[in-house]
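User: I've got a model open and I'd like to know where its labels come from. Can you walk me through them?

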Amino acid sequence: LEVFTESADVFVLKDVEKLASKKGVVLQTIKEVLQIINDIGKATSDIAAAQKRQQEVAALVQQAKQGKEDSGEREQLMKQLQQLQSEVSVQQQELQQHAESDPETLARMQEAAQAAQEAANRWQDNVFALQSWCKRKFEGREGDVDTFFKDQGFNEDAEYFA
């Protein structure tokens with residue numbers, strides 16, 4: 001290390017090797033010491049860069065906190081926000097309660113009722129067709145067929161849905 005402290009000059013690797021060998025230092029030792037010094041320099045610069053990043057992040061955090069301190073005005077605005085959110089929630093519930101009066105909803109309900117009515121009439125047709133088939137298939141036992149259908153809740157006098 002004496003080689004470096006004797007002068008403030010910048011050294012090239014070969015110059016350091018020459019000066020150190022004149023002082024009796026083995027070449028391998030010179031290379032190891034230079035590598036250690038280089039590694040320390042890199043570590044120091046990495047530490048400095050990390051400290052700088054840490055300071056930048058701290059500054060950004062501080063900057064982000066500005067204007068968000070717990071002040072009376074901020075608390076008042078937060079209460080107002082909560083109040084408005086609750087009002088919106090109440091209005092959405094009221095809107096859902098009145099959704100049945102919505103013309104589009106009523107139209108969809110009418111279409112669904114019409115489809116259900118058509119399906120009920122179709123099933124009634126199917127039951128009449130089944131009853132007629134049973135009477136033909138079990139000829140002579142029409143009374144039993146009628147009794148079976150009445151027991152199942154089907155009335156021959158049933159009318160179609162209008």
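Analyst: Sure, here are the labels, each set against its definition. This is a predicted model, where local features need pLDDT of at least 70, side-chain atom pairs count only at pLDDT 80 or more, and totals for chains, interfaces and linings use all residues. Residues are numbered from 1 along each chain as its sequence is written, and side-chain values use heavy atoms, with hydrogens and water left out.

User: How do you know how many helices and strands there are in the protein?

Analyst: Helices are DSSP runs of H or I with at least four residues, strands are runs of E with at least two, and numbering starts at the N terminus. That gives six helices and zero strands, in the order α-α-α-α-α-α.

User: What makes the radius of gyration of the protein differ from that of a compact globule, in numbers?

Analyst: The radius is taken over C-alpha atoms, and the globule rule is 2.2 Å times the number of residues to the power 0.38. For 162 residues a compact globule would come out near 15 Å, but the protein has 48 Å. The C-alpha trace spans about 135 × 55 × 25 Å along its principal axes.

User: What percentage of the residues count as buried?

Analyst: Buried means under 20% relative accessible area, exposed over 50%, and partly exposed in between (1.4 Å probe, protein chains only). By that cut-off, 9% of the 162 residues are buried.

User: Why is the contact between K135 and D146 called a salt bridge?

Analyst: The term needs a side-chain nitrogen of Lys or Arg within 4 Å of a carboxyl oxygen of Asp or Glu. K135 and D146 have N to O at 3.1 Å, so the label fits. K135 sits in helix α5 and D146 in helix α6, 11 residues apart, and the pair links distant parts of the chain.

User: Are those two residues buried or exposed?

Analyst: Neither: K135 is partly exposed at 24%, and D146 is partly exposed too, at 21%.

User: Which other residue does D144 pair with?

Analyst: D144 forms a salt bridge with R141, with the closest N and O atoms 3.2 Å apart. The search of the whole structure finds two salt bridges.

User: Why does F138 count as partly exposed?

Analyst: Its relative accessible area is 39%, so F138 falls between the buried and exposed cut-offs. F138 is found in the loop between α5 (103-137) and α6 (142-151).
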